[in-house]
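Reader: I would like to learn how the descriptive words used for a protein model are tied to numbers. Could you take me through some of them?

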Amino acid sequence: MKWFIITSAAAAIIVLSAAGFFVVHFMDNTTKKSDGGMMKASESVVQFKENQVGPEEDMFVEETISEAHVLLNDITGYGDHTKYSKVNNNIDAYEENWEDISLHLEKYSTLALEAAETIEDATLRKDVENFAALAWYAQETYNYDALLYSHRVIHDLDVAFNNENKARFWNSVNIALDEGESTNNSEKVEEIVEKVEMDQ
């Protein structure tokens with residue numbers, strides 16, 4: 001009996017030690033992984049956004065960004081973005097797909113412009129305006145690239161402004177540039193926005 005208790009206690013100690021090592025090791029790896037560009041961008045951006053808008057306006061900006069992100073996830077997520085490419089559809093399906101989303105894109109383009117007017121920080125305001133321009137241009141011209149990049153911009157804004165902990169950061173916003181992050185997609189965004197301005 002005594003031998004059984006000693007053996008059981010030893011086994012429990014070994015199991016607990018192994019579990020403790022795993023937790024410490026796992027937490028260390030998690031910390032290292034979370035030190036990537038997405039987390040650094042979202043943490044630092046949220047810290048500097050506090051005084052950019054007043055408290056009432058702040059809620060409007062946050063809700064607009066969050067709701068627009070949900071909309072764009074529904075439209076483009078899980079490969080659904082292919083429905084808006086001429087390459088992947090016959091002309092009737094292509095036009096019908098765009099007609100289904102046009103009013104939604106127009107609505108959030110307008111709301112984003114209204115939200116942008118309340119933002120004091122010029123860089124963040126420009127990113128929100130970029131989303132508005134891309135969403136407007138996408139629905140106005142059925143532009144596939146504008147649709148894709150409107151999603152990437154609003155996703156990054158949701159990560160940064162609302163501190164949403166998402167698995168991916170597209171590097172499509174200028175606020176990440178302000179925080180010293182690589183922004184390989186922001187150049188494409190600016191390129192499309194320039195086209196929007198020329199076509200208006």
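Author: What follows is a short exchange about one residue and one pair of helices. This is a predicted model, in which local features need pLDDT of at least 70 and side-chain atom pairs count only at pLDDT 80 or more, while totals for chains, interfaces and linings use all residues. Residues are numbered from 1 along each chain as its sequence is written, and side-chain values use heavy atoms, with hydrogens and water left out.

Reader: Why is N174 called buried?

Author: Buried means under 20% relative accessible area, with exposed over 50% and partly exposed in between (1.4 Å probe, protein chains only). N174 has 15% relative accessibility, so N174 counts as buried.

Reader: What makes the side chains of N174 and E190 a polar contact?

Author: A polar contact is a pair of N or O atoms within 3.5 Å; within protein, one must be able to donate a hydrogen and the other to accept it, and residues adjacent in sequence count only if both atoms are side-chain atoms. The contact joining N174 and E190 is 3.0 Å.

Reader: How do helix α5 and helix α8 pack, and at what angle?

Author: Helix α5 (residues 122–141) and helix α8 (residues 186–199) pack at about 60°, their axes lying 10 Å apart. Axes are lines fitted to C-alpha atoms, for helices over the stretch in contact, and angles run from 0 to 180 degrees between N-to-C directions.

Reader: Why is α5 called oblique to α8?

Author: Angles under 35 degrees count as roughly parallel, over 145 as roughly antiparallel, 65 to 115 as roughly perpendicular and the rest as oblique. With an angle of about 60°, α5 is therefore oblique to α8.

Technical notes. Helix = DSSP H or I, 4+ residues; strand = E, 2+ residues; numbered from the N terminus.
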